[in-house]
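Please look over the sequence and the model before reading on. The report that follows moves from the chain as a whole to its helices, its charged pairs and its loops.

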Amino acid sequence: MGQSDFDEQVNYQRSLQGELERTIMDIHGIDSARVMLAMGRPSPFALGPSEAERASVMLTTAPGATIDAAMAAAIAHLVATSVRGLEVDGITVTGNDGAVLYPPPKSDGELGEAMRLRNDFEHRLEGKVSALLSRIMGENRYAVQIAVDVDASHITSNETQYGKGDTTVLSEEHSQTPVGAASSGGVPGLTSNLPIANPNPKPSAAAKATAGATPSAAATASTTPAKTESQSEAGDVSRKDIVNYKPSIREINSVTAPVRIKRITVAAVLDGTYDHGIFKPLDEERLRSIKGLVAAAVGADLERGDSVDIQSAALSQPYVAPLPNPIDQLRLFIADPIHLYETAGAVLLLVIAMFWMLKRALKRRSTRKHAAAQAGDDLDTEQPAPLAPAPAEAPASAPSASREQEFGFDEIRRRVNEEVERNPEAAAEILRRWLTEAAATGNGAAAPAAERSPA
């Protein structure tokens, strides 16, 4: 009750577009479709023409699928027959790449037709190879590209063939003339006055006539039979047959096709296997078998120059170089003698350096022990003198004497501290010796020993 006529028209148009989209998506090879209808409006005047209805269809193909001109035309007719008042001429079908599939583009001459047919060939062959590899490798685990080289030149050939033994009679001429009439006729002259020889003389008479005749008569007798093509068996009739023949001729006029395939080139990359992220290509035998299948699918002819190249590379995961095998690396290292010499020299230098460093360390250690022993002897010999007790009443010169004793005690303590810092091991040994002596002599002797220690 609350909706207007415009709202109902919009809902009808949207529902019609949705039904057409779902119907087109049911066609094999189409992943998604969008249909947009431009519904015409009636003219405000009763007799005026109404606006034409138009439609546009955008298609997205599935991976490896292609849409040719025949399928695009079928989709256009499907949409036209589903909308009332919509004509096929008002429908435009495009792909998701922007290419116009229907109506077909106008021909731009022979070159444009050749390019269109070339693209059609390439898309068809790529669809065949993609459909084959998707079953073998799986989705998104292969890549294929096909190039078709075409020849658009027109060639006209004219061939003439002559048959063997098959002849045609053009004309025939047959004539029969009596021998006497033939000899009496002709051009008057010397030969017409000569006597006529017997055409069929007896052997003996012919020999005598030939021997007794003049040379001119003999020549006449020899040339007379040559004028006749054939003679009858009776010998009194001269027959002449002339037949003109013509050999058989077959003419062949041929015109080549507007576009011919000169060469097909197929390049495909197949994904391999992955072991803990490390790529492993397919083996050569499997690549060879897949190459044969692809060549058969596209109709490649090796004699014509077609080529099919198939390799294995990482497509689904990034390539990670495998870790080198230490055993293989060691074998390669040992196989080269230069590496052996370099290794032996490096090991020899390392051993020499180790011996030299060990010898130097031992020498330093012995020097330190000798210095520590010598410092211990010096400390034993340099014992500080006991301090005299201060008198109860010091004379006037007492302050100066106490300063001199204090100065001598500071000097001895400084020297002892320097020796202790220089050779702590020797100082520790001296302290142990003093403690041992104090323990042996008793507690009373320990105190003087401790007082004698400058530390």
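What percentage of the 455 residues of the protein chain count as buried? The share that counts as buried is 18% of the 455 residues.

## The chain as a whole

The coordinates discussed here belong to a predicted model, and every value below should be read with that in mind. In this model the protein chain has 12 helices and 12 strands. Where residues at least 6 apart in sequence are in contact within the protein chain, 71% of those contacts join residues at least 24 apart.

## Helices H1 and H2

Helix H1 takes in residues 5-25 and helix H2 residues 69-82, and their axes come within 11 Å of each other, crossing at roughly 150 degrees. Because an angle over 145 degrees counts as roughly antiparallel, H1 and H2 are described as roughly antiparallel to each other. The crossing in which H1 passes H2 is right-handed.

On the side of H1, the residues that make this contact are Leu-16, Leu-20, Thr-23 and Ile-24, while H2 contributes Ile-75, Leu-78, Val-79 and Ser-82. Sorted by character, the residues of the contact of H1 with H2 comprise 6 nonpolar and 2 polar, with no charged residue among them.

## Salt bridges within helices

The count of salt bridges in the model comes to 12, and three that lie within helices are described here. In helix H1, the side chains of Arg-22 and Glu-19 meet in a salt bridge with an N to O distance of 2.7 Å, and these two residues are 3 residues apart, which is about one turn of the helix. Arg-22 is partly exposed, with a relative accessible area of 48%, and Glu-19 also counts as partly exposed, at 45% relative accessibility.

Another such pair is found in helix H3 (residues 109-136), where Arg-118 and Glu-122 are 4 residues apart and therefore separated by about one helical turn. The closest N and O atoms of the salt bridge between Arg-118 and Glu-122 are 3.3 Å apart. The surroundings of the two partners fall into separate classes, since Arg-118 is partly exposed at a relative accessible area of 29%, whereas Glu-122 is buried at 14%.

In helix H11 (residues 424-441), Glu-429 and Arg-432 are 3 residues apart, so that about one helical turn separates them. Glu-429 forms a salt bridge with Arg-432, and their closest N and O atoms are 3.2 Å apart; Glu-429 itself is partly exposed, with a relative accessible area of 40%. Beyond these pairs, Asp-68, Asp-120 and Arg-124 are joined into one network by salt bridges that share partners.

## A buried serine in helix H3

Is Ser-130 buried or exposed? Ser-130, which lies in helix H3, is buried, because its relative accessible area is 8% and the class of buried residues takes in values under 20%. Setting aside residues up to four places away in sequence, Ser-130 touches Gly-64, Tyr-142 and Val-144.

## Backbone details in two loops

Which two residues are joined by a cis peptide bond? The bond in question joins Tyr-102 and Pro-103, and its omega is about 0 degrees. Pro-103 lies in the loop between strand E4 (100-102) and H3.

A further backbone detail is found at Asn-140, where phi is near 60 degrees, a positive value in a residue other than glycine. As background to both details, most residues other than glycine have a negative phi, and most peptide bonds are trans. Asn-140 has its place in the loop between H3 and strand E5 (142-151), and Asn-140 is exposed, with a relative accessible area of 63%.

## An exposed leucine

Where is Leu-323 found? Leu-323 is in the loop between strand E12 (307-312) and helix H8 (326-335). With 77% relative accessibility, Leu-323 counts as exposed, because that class holds values over 50%. Leu-323 and Ile-278 are 45 residues apart along the chain, and their C-alpha atoms are separated by 9.0 Å.

Conventions. Residues numbered from 1 in each chain as written. Predicted model: local features only at pLDDT ≥ 70, side-chain atom pairs only at ≥ 80, totals over all residues. Heavy atoms only, no water. Axes fitted to C-alpha atoms, helices over the stretch in contact; angles between N-to-C directions. Parallel < 35°, antiparallel > 145°, perpendicular 65-115°, else oblique. Left-handed = near helix turned anticlockwise from the far one by under 90°. Contact = heavy atoms within 4.5 Å. Nonpolar A, V, L, I, M, F, W, Y, C, P; charged D, E, K, R; others polar. Salt bridge = Lys/Arg side-chain N within 4 Å of Asp/Glu carboxyl O. Buried < 20%, exposed > 50% of the residue type's maximum accessible area, 1.4 Å probe, protein only.
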